[in-house]
Amino acid sequence: MGQKADYAAVIAGSFEPMEEAEDRCARRRQRRPEPHKDLKMEMDLTTETTRRDFIYIAAGGSAVLGLGYSTWPFIDSFNPASDTVAAGTTEVNVAELQPGTRLTVQWRGHPVFIERRTPETLALARADDDNPALIDPQLDADRVIDPELLVVVGVCTHLGCVPLGQSSGDNQGLYGGWYCPCHGSVYDVSGRVRRGPAPKNLEIPPYQFMSPSRIRIGD
Ligand code: FES
């Protein structure tokens, strides 16, 4: 009997009175640092970052698309009308091409660079005719029909990239011609390669003058 009374006292002592338990819980709740606050901030930031990134990406995409749309008519205006592209030939009116300016047309899926050279540029091209450093020696006169008009295929003879130099502000390389951004080949104002790794000069496409201001590229 005495032992049973001892057990009852122990069991009773192991339980906390209800009021004290509630107080303790309330104190704990007050002490607890709002458990979801940091997480919520993080989520807000993440959401904000994601939204901002999307805007940047969307804006960037629009800019690229916008650039494409805004520059294409300008570029396309140089290209011949579809009725002049036939049987692998491209006819180009060069009447409006001013000295010192370049245009790009498409011929059989390749860019063709046309430049109306100034007397100074022509003199520069001829001055290097005998340069022993030419990688693929060729006279400027052998690369043109009308010395004023240079017509070359705008494809690097290394691995086929399109060299820079057609747009104002482009890197034209050390010799004022074209610079290939892929591996650094440099072409002069005659389209001759001056720095490798390109092994050959820019190719001259077959072309002929249909009139003093109109050329047909292609056979
Ligand atoms: S493709 Fe032009 S340098 Fe390589």
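# Exercises on a predicted model: sheets, core and loops

An open sheet of three strands has the order 3-4-5, and its pairing is antiparallel. The structure is a predicted model, in which local features need pLDDT of at least 70 and side-chain atom pairs count only at pLDDT 80 or more, while totals for chains, interfaces and linings use all residues. Residues are numbered from 1 along each chain as its sequence is written.

## Exercise 1. The sheet 3-4-5

Describe the sheet with the order 3-4-5, giving its edge strands, its twist and the bridges between its strands.

Solution.

Step 1. Fix the terms. Strands (E, at least two residues) and helices (H or I, at least four) are DSSP runs, numbered from the N terminus. Two strands pair if DSSP finds at least two bridges between them.

Step 2. Find the edges and the twist. Strand 3 and strand 5 are the edge strands of the sheet 3-4-5, each pairing on one side only. From one strand to the next, the twist averages 20°; axes are lines fitted to C-alpha atoms (for helices over the stretch in contact), and angles run from 0 to 180 degrees between N-to-C directions.

Step 3. Go through the pairs. Strand 3 and strand 4 run antiparallel and are joined by seven bridges; L103 has I114 in strand 4 as its bridge partner. Strand 4 and strand 5 are also antiparallel, with five bridges, and E115 has L150 in strand 5 as its bridge partner.

Step 4. Inspect the turn. Two residues separate strand 3 from strand 4 in a hairpin. R108 lies in the loop between these strands, and its phi is near 50°, a positive value in a residue other than glycine. R108 counts as partly exposed because it has 13 C-beta neighbours inside 10 Å; the cut-offs are 20 or more other C-beta atoms within 10 Å for buried, 12 or fewer for exposed and partly exposed in between, with C-beta atoms placed from the backbone.

## Exercise 2. The largest nonpolar core

State which residues have the most contacts inside the largest nonpolar core, and which elements give two or more residues to this core.

Solution.

Step 1. Define the core. A nonpolar core is a set of buried Ala, Val, Leu, Ile, Met, Phe, Trp, Tyr and Cys residues joined through C-beta atoms within 7 Å.

Step 2. Identify the residues. The largest such core has 21 residues, and V112, I114, V151 and I217 have the most contacts inside it.

Step 3. Assign the elements. Two or more core residues come from each of strand 3 (101-107), strand 4 (110-116), strand 5 (149-153), strand 6 (176-179), strand 7 (186-188) and strand 10 (214-217).

Step 4. Examine V151. Apart from neighbours within four places in sequence, V151 is in contact (C-beta atoms, placed from the backbone, within 7 Å) with V112, I114, I204, P205, Y207 and I215.

## Exercise 3. The sheet 6-7-8 and two loops

Describe the sheet with the order 6-7-8, then locate P197 and G165.

Solution.

Step 1. Establish the sheet. Strands in the order 6-7-8 form an open sheet of three strands with antiparallel pairing. Strand 6 and strand 8 each have a single partner strand, so one side of each is left without a neighbour in the sheet. Here the twist averages 35° from one strand to the next.

Step 2. Examine one pair. Strand 7 and strand 8 pair in the antiparallel sense over two bridges; V186 has R195 in strand 8 as its bridge partner.

Step 3. Locate P197. This residue is in the loop between strand 8 (193-195) and strand 9 (207-211). The peptide bond from G196 to P197 is cis, with omega near 15°.

Step 4. Locate G165. This glycine is in the loop between strand 5 and strand 6 and counts as buried because it has 22 C-beta neighbours inside 10 Å. Beyond four places in sequence, G165 is in contact with D170, Q172, G177, W178 and Y179. The C-alpha atoms of G165 and G176 are separated by 8.3 Å, with the two residues eleven apart along the chain.

## Exercise 4. The whole chain and its confidence

Summarise the secondary structure and the pLDDT of the protein.

Solution.

Step 1. Count the elements. The protein has four helices and ten strands, in the pattern α-α-α-β-β-β-β-α-β-β-β-β-β-β along the sequence.

Step 2. Assess the packing. Of the 219 residues, 20% count as buried. Among contacts between residues at least 6 apart in sequence, 49% join residues at least 24 apart.

Step 3. Assess the confidence. The pLDDT (the predictor's confidence in each residue, from 0 to 100) averages 75, and 60% of the residues score at least 70. Residues 1-5 stay under 50 and have zero contacts beyond four places in sequence in the model. Residues 32-78 are also below 50, and this stretch has three contacts beyond near neighbours in sequence.

Conventions:
Contact = placed C-beta atoms within 7 Å.
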